[in-house]
Amino acid sequence: MSGMWRFLKKPEGPALAFMVSGMLWFIIGTLYGLVSAIDLVAPDFFANIAPLVFGRGRPTHVNTVLYGFVTEVLVGCGLYYVPALLRTKLWSPPAAWLSWLLWNITVLSGPICFAGGHTQGREYTEYIWAFDVTFTLAIVLLAVNIVMTIANRRENSLYVSVWYFTGMLLWTAGSYPIGNVMWHPSTGAVAGILDTVILWFYGHNLPGLVLTPLAVGAAYYVMPRIAQAPLWSHTLSLVGFWTLVALYTHIGGHHVPQGPIPNWLKAMSTIDSMAMVIPVFVALGNLWLSIRGRGGKLLADPAGRFVLAGTVWYLITCVQGPIQSLPAVQRVTHFNNWVIGHSHIAILGFAGYIALGAMWHILPLLSGRELYSRRLVNLQFGLITFGLVGFFMVLTTAGLIQGGAWNNGQTIYRVLPEIAPYMFLRAVMGVLIIAAAFVGFYNLWMTLRRGRVIEPELREEALS
Ligand code: HEM
Ligand code: HEM
């Protein structure tokens, strides 16, 4: 028992646990993505298997990759880099273990509950009330843990990654219960059009105030380290931080400009979506200026390449985003596969790439073992990049075909055969991404079991 307690109190345990479970969810979540992709190619394929029909498989896919894979891996990274940057031990490893357990109970509830049709039925807030509670507890516990770690810190200055990680926990502790309407346990919704406003307030906080701060915070930690260069500007990093929170919180209306929400809300959402270029370019400019003249170091490092590519996806996502928030553009791009293309380059391209790169960089520091195989990291990079570029091209093209047809008044059943080849290609590309998930899990597991042990002095050097 005392051995168990000692293990639970090891400061690096929870960070590692979040990474391992996140990588496992990567496999499970993307397999559900394939199930949904097959549903869209051959709708009768799983017709007699209720848990796998589109309406159940899709939310399982989306929630598992979002809350399971990308977010968990990035939280694991944060639980490592925040104490490291503060030169202080994590305040309470047992509390972080409890957060890990509660978090994973929530993610596990997806495949179990959605399979039986138990869902709140609102996109991104599908988990039923009991699991909203477990998730909120996990986040609140993590927030307390990190705030207490900051309070006990030995390093006076707060590096920007600490701001982002802490900000994400505090904002999510507030916005998750609101977005999930947790004060109405039986429905998780309020009546009428107001529900759409509340849902999309949260629906955009999820990428904006959960994934973006986690991913940008991790990039700020990893990129200067690999480039062995100081951050270009601390002031600019804080300008990016505060403009992010000032603008992101009220642009959710750009998801529903075709709906009967108030016009002022639509106008505000569109204008502030345009203004989002400020935090995005400030963060990207600061990161890229920090590594200027040393980009080669990042490209030569398998983890650095992932993170650098993630920043490029961030640029592409956030050029596309403001454009598609214009109502005139949405007349063509809304209600079709264009948006699915955007979602995948945003969540897998931007946040997922940075999650993987940061994890491969941090894993040796955390475990004291060298990566089992750098070539497998490169293989994973190649598979995901090939798959995702293909995904993006195929879905954007399919979206434009659908949008054009919609505007020409064509009926849906005439358009479906036109996009069938694209749906097939998406499923094929998806297999590459799933293969990358398996390769990643194998490499992670083998690193922990067989990776060459790093000499303690070298580890100290790497940590400093
Ligand atoms: C970690 C990688 C992935 C992430 C982060 C991810 C994320 C997402 C997200 C956020 C959505 C919701 C999109 C929206 O409503 O706008 C979605 C939908 C979907 N994804 Fe993925 N996905 C990943 C991998 C895959 C893979 C590998 C496949 C196929 C094999 C796939 C197939 C699908 C399908 C079919 C949908 C539903 C599209 C629709 O409603 O028309 N995804 N995914
Ligand atoms: C400058 C920043 C961004 C802007 C202005 C923006 C804008 C938009 C708009 C207008 C839509 C709705 C499109 C439609 O339904 O027709 C959308 C959808 C979406 N965005 Fe972004 N985006 C930005 C960045 C991001 C980032 C960084 C992420 C992820 C980390 C992200 C994830 C998503 C997802 C998942 C959806 C699909 C939501 C759904 O299921 O309908 N976006 N974005």
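Me: What makes helix 14 count as kinked, and where is the kink centred?

Reply: In this predicted model, helix 14 bends by about 35°, and the kink is centred on Gly 352. The angle is the one between axes fitted to the seven residues ending at a position and the seven starting there.

Me: How do you know that helix 14 is largely enclosed by the rest of the structure?

Reply: A residue is called buried when its relative accessible area is under 20%. In helix 14, 27 of the 31 residues are buried, so the helix is largely enclosed by the rest of the structure.

Me: What lies at the start of helix 14, and what follows helix 14?

Reply: At the start, a side-chain oxygen of Asn 336 comes within 2.9 Å of the backbone nitrogen of Trp 338. The cut-off for a polar contact is 3.5 Å, and the pair is within 2.9 Å, so it meets that distance condition. After helix 14 comes Gly 368, with a positive phi near 75°.

Me: Why is the arrangement around the iron atom of ligand 1 called octahedral?

Reply: Six donors count as octahedral if opposite donors are over 155 degrees apart and all others lie between 65 and 115. The iron atom of ligand 1 has 6 donor atoms, and their angles run from 84 to 179°, which makes the arrangement octahedral. For six octahedral donors the ideal angles are 90 or 180 degrees.

Me: Which protein atoms coordinate the iron atom of ligand 1, and what makes them donors?

Reply: They are NE2 of His 61 and NE2 of His 344, at 2.0 Å. A donor must be an N, O or S atom within 2.8 Å of the metal, and 2.0 Å meets that limit, so both count. The two residues join distant parts of the chain: His 61 belongs to helix 3 and His 344 to helix 14, 283 residues apart.

Me: Why is His 61 called buried or exposed?

Reply: The relative accessibility of His 61 is 16%. The limit for buried is under 20%, so His 61 counts as buried.

Me: What makes the side chains of Arg 58, His 61 and Ser 343 polar contacts of ligand 1?

Reply: A polar contact needs N or O atoms within 3.5 Å of each other. Arg 58 places a polar side-chain atom 2.6 Å from an oxygen atom of ligand 1. For His 61 and a nitrogen atom of ligand 1 the distance is 2.8 Å. The side chain of Ser 343 has an N or O atom 2.7 Å from an oxygen atom of the ligand. Each distance falls within the cut-off, so each pair counts.

Me: Which helix gives the most to the shell around ligand 1?

Reply: Helix 2 does, with 7 residues. By class, this shell has 15 nonpolar, 7 polar and 3 charged residues.

Me: How do you know which protein atom is a donor to the iron atom of ligand 2?

Reply: The single donor from the protein is NE2 of His 342, 2.2 Å away. A nitrogen within 2.8 Å of the metal qualifies, so His 342 meets the condition. His 342 lies in helix 14.

Me: What other polar contacts does ligand 2 have, and which helix supplies the largest share of its shell?

Reply: An oxygen atom of ligand 2 is 3.0 Å from an N or O atom in the side chain of Glu 123. A nitrogen atom of the ligand is 3.3 Å from such an atom in the side chain of Gln 324. The cut-off is 3.5 Å, so both pairs count. Helix 14 supplies the largest share of the shell, 6 residues.

Me: What makes the phi values of Arg 87 and Val 181 stand out?

Reply: Most residues other than glycine have a negative phi. Arg 87 has a positive phi near 50°, and Val 181 has a positive phi of about 45°. Arg 87 sits in the loop between helix 3 and helix 4, while Val 181 sits in the loop between helix 6 and helix 7.

Me: Why do Arg 87 and Val 181 fall where they do on the scale from buried to exposed?

Reply: Buried means under 20%, exposed means over 50%, and partly exposed is in between. Arg 87 has 42%, so it counts as partly exposed. Val 181 has 0%, so it counts as buried.

Conventions:
Residues numbered from 1 in each chain as written. Chains lettered and ligands numbered in written order. Predicted model: local features only at pLDDT ≥ 70, side-chain atom pairs only at ≥ 80, totals over all residues. Heavy atoms only, no water. Polar contact = N/O pair within 3.5 Å; in protein donor to acceptor, adjacent residues only side chain to side chain. Helix = DSSP H or I, 4+ residues; strand = E, 2+ residues; numbered from the N terminus. Buried < 20%, exposed > 50% of the residue type's maximum accessible area, 1.4 Å probe, protein only. Donors = N, O, S within 2.8 Å, 3.2 Å for Na, K, Ca; no water. Tetrahedral: all angles 85-135°; square planar, octahedral: opposite > 155°, others 65-115°. Nonpolar A, V, L, I, M, F, W, Y, C, P; charged D, E, K, R; others polar.
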